[in-house]
Amino acid sequence: MTNKLITPTRRTVLTGMAAGGALLATGLTPRFAQAQSSEPIKLGFQLHRTGIGAAYGRWYERTATAALKVVNDAGGINGRPVEILFEDDGTDPARGAEVFGKLATQSNCDLVFGALFSHVVIGTAPRAAELKVPYLVCSEGHHVASGMLNRWTLQPGITDVKSQVQGMAPFVTQNLGKKVAMIFPDFAFGHDHRDYFSAAVAAQGGEVIAQIAIPPTETTFTRYFPQIPAETEVIYHVMVGPAVLTFVKELGEFYGTGARPQLFGFMDSLEAVDIASPGLEFLDGSHFWEAHPRYKQADASEAETFYRTAVGVDDNGAAANDPADVATYSHMFSTWETLFIIKAAMEASGYQGAADRQKFVEALEAMTDFAEGAEHPQGAKTFNGKTHQAFGIQSISKVEGGKLVRVHQTTLEDGQYPDEVDYTTQSF
Amino acid sequence: MQLGSIFLLALLEGLVSASVLALTACGLSLVFGIMRVVNVAHGEFFMLGAVLAWFTASLMPGPPALTFVAALVICPLIVGAVAALADMLVLKRLNYEPEATIVATIGLLYILQQGALTVFGPNALPVPAPLDFRLQFPGFGYSGYKIAVILAAVLLLLGLWLILTRTRIGLVMRATQIDRATARAFGINVDRVYAGVFAMGAGLAAIAAVLIVPIQQAHYLMGADPLLLSFSVVIIGGLGSLRGTVVAALLIGMVDQMIPIFMPVVFPAYGAWFTPTLAKIIATLVVALVLVFRPQGLFGKRMA
């Protein structure tokens, strides 16, 4: 027996070689042992593919995929190819936290981004801090800048609601009316609208005379409308979820041919809905907030045209190959811009792997502004590293002949407010 | 708005709610009354009807009125066929044991819901209304189609009552309900009656869904609410009693709309309290009270 160990026979040598070869072929040994940095960078994407956020999810996936192609065609990040792993969270907070854990620990993603719905973001952020994995949200909620979340959660790709409504309130009170009735979804995102728009209107000498909260899973809306006071001058509406079309249709039915207040809507009430749908004719002449105008405007920049084509959206804001498939244009740019910010922060921090996650967050916190261009087609933004929040310009559009035409644009200064938190003083 | 206008609006909205609910709940009540099966998947048959209505309307050429009528005929038939298949493949093999059928229909719920998600996707699917006119009342406008829904539901319920009381099919169904073994001894094919009843119950949910879908759009998660409300209705009305189901549907439908519409006007200082959620809480509380004090329901007969 010992003899056999010392002088192996030809057969055992061949068996050993075959086994070793098989091991190499199946990839059990690390392929990039000598050059770890040539492995792709893996980004996790928390996607609302199903559930009440599905319309957004569909377009967030398309936009992020289009941005990924641009990034990889230009050589990736730090010379490494980039991959995005999309994982469905069902637009559910509990599932959101699970998906985050799966992407971070099982799929070994370098970071996770892409979530929109505020309840999912709030439900997931603590998990990001636990696992010490950067979490870049595209949510609009004020929960990042309010100090509610943590050092690992940032929102560099889209302006928060507080800043948006503060920028627009003067337009509403000066052009539409001073007595406002608000209709909003009854969860964190809607509460941001309720609190900050009411305050912003009061600061302009106006008054919010009714606040009507509607559960985001509601399917019928007529029963809420009698609560709109008769003396209302402006109805401010913002709605989310699969029933937004029903919401606007029933609002139109409710007033019918009778006199109605001015309407000022957040584009959320119409995202992924064709404005030419039967029953929406009454919207003609009403105003909408848009972060990013759905209909290509006459003065569209080159970057805007490039972005629109890359994502596959036509001049009317629908999929280039299906005019009935309307985009969530006022929100989805955030995934595009966030990906380019990830690239910039990874390159600034010399990001190599999971060990550099803290350096990545610090590099992002050090950023101050993003110039308009192919990487930021929605427009220039400032970034506040202390509050982890980006601030951009907003548009107000008017429905004219079945299309949205921009009539007002805010400035970066309009949306500024004093810091409420300094995340950079918190430990990692 | 004047008090009278608000009352009229609440009444109309309540009637729309009640009529759709009555149709859905009658299906659930029928299945329980005759088969003693608590069908947890009933809401998903409703959803399936709505999604198929979108599918039919988007595939068929022609004006909305025509495609809608086609959907109203085709969708309940398809949903009924799916239900009959489920009965023959699953429920029959469990010998209709109460506990086993509850678990089986829970399974069916997920299969139908996730199946609809896989085939038709996660988006809200709009169906154009077959009638496009608006009624202008003092103080508010109202969709003409919603009034048509109320009328259609009344006609359908009348038809259902005639089938159950005046036709041979109804006689066979009632015989099976009263005593399954004796019915079989008289040569009634009980298996076929059960499959037919399960199909009819699901078909009623599908009809209700086709009627509501031009108002609400089809969505794969829409089955939860009708299921919950239908259960409330049949428990209050008495499981298996058609008359009780209709009365309870009117009651729940009215509570569901009257509380959020009318009460904030009567008590403006407490307006924020009278939400649809409160209406659901009250409905559920009534269900609990009925279960405690009159378990057979308001119109149900005490079981032996």
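Trainee: Before anything else, when does a residue count as buried, exposed or partly exposed here?

Mentor: A residue is buried if 20 or more other C-beta atoms lie within 10 Å of its own, exposed if 12 or fewer, and partly exposed in between. Please keep in mind throughout that this is a predicted model.

Trainee: OK, so what does A:Gln409 count as?

Mentor: A:Gln409 has 15 C-beta neighbours inside 10 Å, and therefore it counts as partly exposed. Its place is in strand S17 of chain A, which covers residues 403–409.

Trainee: And which residues is A:Gln409 in contact with?

Mentor: If we leave aside the neighbours within four places in sequence, A:Gln409 is in contact with A:Ile393 and A:Ser395.

Trainee: How far apart in space are A:Gln409 and A:Tyr423?

Mentor: They are 30 Å apart from C-alpha to C-alpha, with their positions 14 residues apart in sequence.

Trainee: Staying with chain A, what domains is it divided into?

Mentor: Chain A is divided into domain 1, made of 39–159 + 332–393, and domain 2, made of 162–300 + 394–414. The C-alpha centres of these two domains of chain A lie 28 Å apart.

Trainee: How many residues are in contact between them?

Mentor: On the domain 1 side of chain A there are 19 residues, and they are in contact with 21 residues of domain 2 of chain A. Helix H3 (54–73), helix H5 (118–131) and strand S5 (153–159) of chain A each supply at least two residues of that domain 1 side, and the largest share, 3 residues, comes from H5(A). By type, the domain 1 side divides into 10 nonpolar, 8 polar and 1 charged.

Trainee: New topic, helix H9 of chain A: which of its residues are buried?

Mentor: The buried residues of H9(A), which spans residues 302–311, are A:Glu304, A:Tyr307, A:Arg308 and A:Val311. Seen down the helix axis, these buried residues fall within an arc of 100°, so they line one face of H9(A).

Trainee: Is there a general reason why such spacing puts residues on one side?

Mentor: An α-helix has 3.6 residues a turn, so residues three or four places apart point the same way.

Trainee: What covers that buried side, and what sits on the face turned away from it?

Mentor: The cover over the buried residues of H9(A) includes H3 and helix H10 (329–348) of chain A. The face turned away from the buried side carries the exposed residues A:Glu302 and A:Thr309. After H9(A) comes A:Gly312, whose phi is positive, near 90°.

Trainee: Which residues that are not glycine have a positive phi in chain B?

Mentor: Among them are B:Asn95, with a positive phi of about 55°, and B:Tyr96, also with a positive phi of about 55°. For context, most residues other than glycine have a negative phi.

Trainee: Where do those two lie, and are they exposed or partly exposed?

Mentor: B:Asn95 lies in the loop between helix H3 (64–91) and helix H4 (98–120) of chain B, and B:Tyr96 lies in the loop between H3 and H4 of chain B as well. B:Asn95 counts as exposed because it has 8 C-beta neighbours inside 10 Å, whereas B:Tyr96, with 16 such neighbours, counts as partly exposed.

Trainee: How is chain B built overall?

Mentor: Chain B has 11 helices and 2 strands, and from the N terminus on its elements run α-α-α-α-β-β-α-α-α-α-α-α-α. Its radius of gyration is 20 Å, which agrees with the value near 19 Å that a compact globule of 304 residues would have. Buried residues make up 50% of chain B.

Trainee: And what about the largest nonpolar core?

Mentor: That core has 220 residues, of which B:Ala50, B:Ala53, B:Ala206 and B:Ala209 touch the most other members. H8(B) gives the most to this core, with 19 residues, and the core also draws at least three residues from each of domain 1 and domain 2 of chain A. Not counting residues up to four places away in sequence, B:Ala206 touches several residues, including B:Phe45, B:Phe46 and B:Cys75.

Trainee: Last one: how many residues of chain B are in contact with chain A?

Mentor: There are 30 residues of chain B in contact with 24 residues of chain A. The elements giving two or more residues to that side of chain B include strand S1 (134–137) and strand S2 (140–143) of chain B, while the largest share, 5 residues, comes from H10(B). The side of chain B that touches chain A divides into 17 nonpolar, 9 polar and 4 charged residues.

Key. Residues are numbered from 1 along each chain as its sequence is written. Chains are lettered from A and ligands numbered from 1 in the order in which they are written. This is a predicted model: local features need pLDDT of at least 70, side-chain atom pairs count only at pLDDT 80 or more; totals for chains, interfaces and linings use all residues. Two residues are in contact if their C-beta atoms, placed from the backbone, lie within 7 Å. Helices (H or I, at least four residues) and strands (E, at least two) are DSSP runs, numbered from the N terminus. Ala, Val, Leu, Ile, Met, Phe, Trp, Tyr, Cys and Pro count as nonpolar, Asp, Glu, Lys and Arg as charged, and the others, Gly among them, as polar. Domain bounds come from an automatic or database domain assignment. A nonpolar core is a set of buried Ala, Val, Leu, Ile, Met, Phe, Trp, Tyr and Cys residues joined through C-beta atoms within 7 Å. The arc is that of the directions from the helix axis to the C-beta atoms. The radius of gyration is taken over C-alpha atoms; the globule rule is 2.2 Å times the number of residues to the power 0.38.
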